[in-house]
Amino acid sequence: MTFGSDRLDDHERRGLSQMYGQYSDWLSARLRHLGVAGVDDVVQETYLRIAPYQARGEVRHPKSLLLRIATNLVAEEGRRTQRQRRHAATAPLWTDAPSQTETVLLKQLVLKLPQPERDIFMLSRFGSLTNEQIAARLDLSVKTVERRITRALKQVDAQLRR
C-alpha cells in the first residue's frame, strides 16, 4: 500500500506502511468476522484516519485504535444510509424534470386551491421565498403562512390520492 499524502514525510510514510503491513490482514479478518460489507474500503479509510495519530506517535495500542476507527466508520456509513433512505421516502414526487403531463396535473391541482393558500403555496414552492419573507410581503403572521402552506399541501396530497 502506498500513502501519497504530501503531509507525511518519508519516515511517517514508512511507519504507516509498516503498520498497514502488520495489521491490515488482522483488521480485514476482524471486520469480515463482524459481517462488515466493503471491508477493503473500510480498511483503506481507517488507515487514512489513523495517519495523523501515527505521524504524531500517539498510537500506543494500534489494534484497539484501528478497530475503533473502523467500527466508527461502519456506524457512520449506516447512519448515512438511514438518512438517505428517510430522505428518499420523503422526497418530492418529481425528482427529475416533470413531464408535460405532470406539469399540467400540478398546475390543475394548484389552481384548485383557494386563493389565500394558492398565493402562499406559489410563493413558497415556486418563488423560493421563506415563510418569513412571505409573511412580510403579504402582511401576515408567520404562523398564518405556515397554516396556509400546511392546508395547501394537505389539499394537494388529497387530490393526488384520488
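Helices in this tour are DSSP runs of H or I at least four residues long, numbered from the N terminus. The model is a predicted one.

**Stop 1: P116 and D25**

Select P116, which lies in helix α5. Its relative accessible area is 36%, so P116 counts as partly exposed. Now add D25 to the selection and draw the C-alpha to C-alpha distance: the two residues are 65 Å apart in space, with their positions 91 residues apart in sequence.

**Stop 2: helix α2**

Select residues 39–55, the 17 residues of helix α2. At 1.5 Å a residue the helix should span 24 Å, and its end C-alpha atoms are 24 Å apart, so the two values agree. Then center on R49, where α2 bends by about 35°. A proline, P52, follows within four residues of R49.

Next, color the buried residues of α2: V39, V42, V43, T46, Y47, I50, A51 and Q54. Which helices do they pack against? Show α1 (10–33) and α3 (62–90), since these are the partners of the buried residues of α2. Before leaving the helix, step past its end to G57, which follows α2 and has a positive phi, near 70°.

**Stop 3: α1 against α2**

Keep α1 and α2 on screen and hide the rest. Their axes come within 10 Å and cross at roughly 140°. The two helices are therefore oblique to each other, and α1 passes α2 in a right-handed crossing. To see the contact, show side chains on both helices. On α1 the contact residues are E12, G15, L16, M19, Y20, Y23, S24, L27, S28, L31 and R32. On α2 they include V39, D40, V42, V43, T46 and Y47, and further along the helix I50, A51, Q54 and A55.

**Stop 4: two positive phi values in loops**

Most residues other than glycine have a negative phi. Two residues to select next are S128 and D139.

S128 is not a glycine, yet has a positive phi of about 55°. Look for S128 in the loop between α5 (115–126) and α6 (131–138). Is S128 buried or exposed? With a relative accessible area of 60%, S128 is exposed.

Move on to D139, in the loop between α6 and α7 (142–161). D139 also is a residue other than glycine with a positive phi, near 55°. Its relative accessible area is 70%, so D139 is exposed.

Methods: Residues numbered from 1 in each chain as written. Predicted model: local features only at pLDDT ≥ 70, side-chain atom pairs only at ≥ 80, totals over all residues. Heavy atoms only, no water. Expected span 1.5 Å × (residues − 1). Bend = angle between axes of the 7 residues up to and from the residue. Buried < 20%, exposed > 50% of the residue type's maximum accessible area, 1.4 Å probe, protein only. Contact = heavy atoms within 4.5 Å. Axes fitted to C-alpha atoms, helices over the stretch in contact; angles between N-to-C directions. Parallel < 35°, antiparallel > 145°, perpendicular 65-115°, else oblique. Left-handed = near helix turned anticlockwise from the far one by under 90°.
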